[in-house]
Amino acid sequence: MATDTAASTTDNSTLGDGQRGTPAQPYLFVVLHCDSPLSGSARYGLADVDVVSIGRGAARTATRERDGSLERLVLRLPGNTISSSHAGLARKGEGWVLEDKQSKNGSFVNGQRITRAVLNDGDIIEIGGVLLCYRAALPTSPGAAPDLDTAMTAPPAPGLATLLPGLAAQLAALERIARMPVPVLLLGETGSGKEVLAHAVHTLSGRPGPFVAVNCGGLPTSLLESQFFGHVKGSFTGAARDEPGYVRAADGGTLFLDEVGDLPLLAQAALLRVLQEREVVPVGRTHPVKVDLRVVAATHKPLAEMVIRGEFRGDLLARLSGYRHTLLPLRERREDLGVLIGALLRRPEFPAGDGVRLTTAGGRRLLGHDWPLNIRELAQLLSVAVALADGGVIEPSHLPDTSRPPPRAPAPTPEPIASIEPEALRSHLMALLEKHQGKVSHVARDMGKARMQIHRWMQRFGLNPDDFRG
Ligand SMILES: Nc1ncnc2c1ncn2[C@@H]1O[C@H](COP(=O)(O)OP(=O)(O)OP(=O)(O)O)[C@@H](O)[C@H]1O
């Protein structure tokens, strides 16, 4: 089966999150084998296919064959609840139709048994104990193979596995950036995997020093300086011995600043100095100490809006965002649920992970959930379900009632830009124009605004992008 070459369309001059103007095509995903969740997942591009035949096989295989004038994808799936010729998909105009081939146990779409059904984007198809997902038009990238089977490939570092072609291209770009001495800013909802990605960036960087993670939100303000920059013994009450502090502890490695949006303004100024000068002055010392740092920062907060409100320094944001990567919330990557469940069940906390099984109804419940707390919620839910199933098969009764999801973690509600002090907005605009050398489209992307809006503001403040070009 083909491996994913996942060429990226990322334009590095845009500082991350590349993926624009890529063509879209239909895909069929094998998301989860409920009776063997560790057997991997797969995607099949349907752009050049006219019909798909699905039936039982000894293992998951896919072959593409010419059948008269038709291009046929033959998909074999393991499982004794699957008939040898179970179901078929046929192209119908712009869409696809699923037909049950009088299988013994039936074919289902979104939990309903069907004999024939026109598929809609995101529909979940059940063939025996296998859950598949149809996507009508997903962005792909030039050079990305249509098919990918995770059983045949290994991600370059934990956290980088995905079946989504668009996300794969973004992660491939991040992988290339990881090897360069560029600061990385990871943006994404809580539990979406920012720390896991930060660790992957460190691993791929090949830097010999340690990965030091700091939760910027959890630091007592009075001790911030000494915790970051270290101190010498006796420099203050309680300083019983020399401490290097986080920055020097990460010397030669990677400093991961988690929840960087929670860093108080005073600490932001001090951190900025360290990033500019590449040296720290430990509390109780007068001479600076050189450090060799790679910084990866993460937040779920809208930093650009915080800059405008004066809560986060624009110059520090510019320093931290050498390359920006935005993580998808889990509800936007349901196709990866099987990949993620597999990765989680292989962790040491699941010593019997390879024996875990789900009923089809249990798997359906997972695919239907909204995942407000993302991969962390999936990990916790699996721990509980495995314990409750006690070596048996995970059923819906072992899973929380996901039909009434818990409230989403409160999203920060940024103040509308219109109500922000004009002077603050003007200086923020100027800082971004300088950073992007007068490229208005880049400023607009940075602020999450339309280009026209930026032009209107520039006109209002008498700013000319030409004045910022290098
Ligand atoms: N790709 C992945 N594969 C397997 N497990 C993952 C993956 N990404 C995240 N996890 C797991 O999900 C949980 C949350 O991940 P992580 O702490 O990286 O999220 P986060 O975005 O940094 O969260 P927060 O914003 O709350 O700090 C952890 O248990 C982590 O190991």
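Me: Which residue of strand 5 does V51 stand opposite?

Reply: In this predicted model, V51 stands opposite R72 of strand 5. Another such pair is R56, which stands opposite L77 in strand 5.

Me: How do you know that strand 3 and strand 5 are paired, and in which sense do they run?

Reply: Pairing requires at least two bridges between the strands. Strand 3 (residues 51-56) and strand 5 (residues 70-77) are joined by six bridges, so they qualify as a pair. They run parallel.

Me: What makes strand 6 a partner of strand 3?

Reply: Again the cut-off is at least two bridges, and here there are four, with strand 3 and strand 6 (residues 87-92) running antiparallel. Within strand 6, A87 is the bridge partner of I54.

Me: And what makes strand 4 and strand 5 a pair?

Reply: Seven bridges link strand 4 and strand 5, in the antiparallel sense; set against the requirement of at least two, that makes them a pair. T63, for example, has V74 of strand 5 as its bridge partner. The hairpin of these strands has two residues between them, and G68 takes a positive phi near 65 degrees there.

Me: What does UniProt place at residues 52-114, and how much of that stretch is strand?

Reply: The unreviewed UniProt entry places the feature "domain: FHA" there. Over residues 52-114 the chain is 60% strand and 0% helix, and the C-alpha atoms at the two ends lie 17 Å apart.

Me: Why is the contact of R64 and D147 called a salt bridge?

Reply: The rule asks for a side-chain nitrogen of Lys or Arg within 4 Å of a carboxyl oxygen of Asp or Glu. R64 and D147 meet at 2.6 Å, N to O, so the pair fits that rule. R64 sits in strand 4 (residues 61-67) and D147 in the loop between strand 12 (130-139) and strand 13 (148-149), so this salt bridge ties together parts that are 83 residues apart in sequence. By the same rule, the count comes to 16 salt bridges.

Me: Why are strand 9 and strand 13 called edge strands?

Reply: Strand 9 (112-114) and strand 13 each pair on one side only. They belong to an open sheet of seven strands, with antiparallel pairing and the order 9-8-11-12-1-2-13.

Me: How do you know that strand 1 and strand 2 are paired?

Reply: Four bridges join strand 1 (residues 24-33) to strand 2 (residues 42-45) in the antiparallel sense, against a requirement of at least two. One of the bridge pairs is L28 with Y44 of strand 2. Helix 9 (residues 360-368) packs on this sheet, touching strand 1, strand 11 (124-127) and strand 12, and its direction makes about 25 degrees with that of strand 12.

Me: In what order do the strands of the five-stranded sheet come, and which are the edge strands?

Reply: This open sheet has the order 15-16-19-14-20, with parallel pairing. Strand 15 (211-215) and strand 20 (323-326) are the edge strands, since each pairs on one side only. Neighbouring strands are turned by 20 degrees against each other on average, direction ignored. Within the sheet, strand 16 (residues 254-258) and strand 19 (residues 294-299) pair over four bridges in the parallel sense, and F256 stands opposite V296 of strand 19.

Me: Which strands does helix 2 lie across?

Reply: Helix 2 (residues 194-205) lies across strand 14, strand 15, strand 16, strand 19 and strand 20. The helix runs at about 165 degrees to strand 19, and angles over 145 count as roughly antiparallel, so that label applies here.

Me: Why is helix 12 called roughly perpendicular to helix 13?

Reply: Helix 12 (residues 440-447) and helix 13 (residues 451-461) pack at about 105 degrees, with axes 8 Å apart. Angles of 65 to 115 degrees count as roughly perpendicular, so helix 12 is roughly perpendicular to helix 13. The contact is made by V440, S441, V443, A444 and M447 of helix 12 with R451, I454, H455, W457 and M458 of helix 13. These residues divide into seven nonpolar, two polar and one charged.

Terms used:
Residues are numbered from 1 along each chain as its sequence is written. This is a predicted model: local features need pLDDT of at least 70, side-chain atom pairs count only at pLDDT 80 or more; totals for chains, interfaces and linings use all residues. Side-chain values use heavy atoms; hydrogens and water are left out. UniProt positions are given in the numbering used here, feature names are shortened, and annotations may be inferred rather than shown by experiment. Axes are lines fitted to C-alpha atoms, for helices over the stretch in contact, and angles run from 0 to 180 degrees between N-to-C directions. Angles under 35 degrees count as roughly parallel, over 145 as roughly antiparallel, 65 to 115 as roughly perpendicular and the rest as oblique. Contact means heavy atoms within 4.5 Å. Ala, Val, Leu, Ile, Met, Phe, Trp, Tyr, Cys and Pro count as nonpolar, Asp, Glu, Lys and Arg as charged, and the others, Gly among them, as polar.
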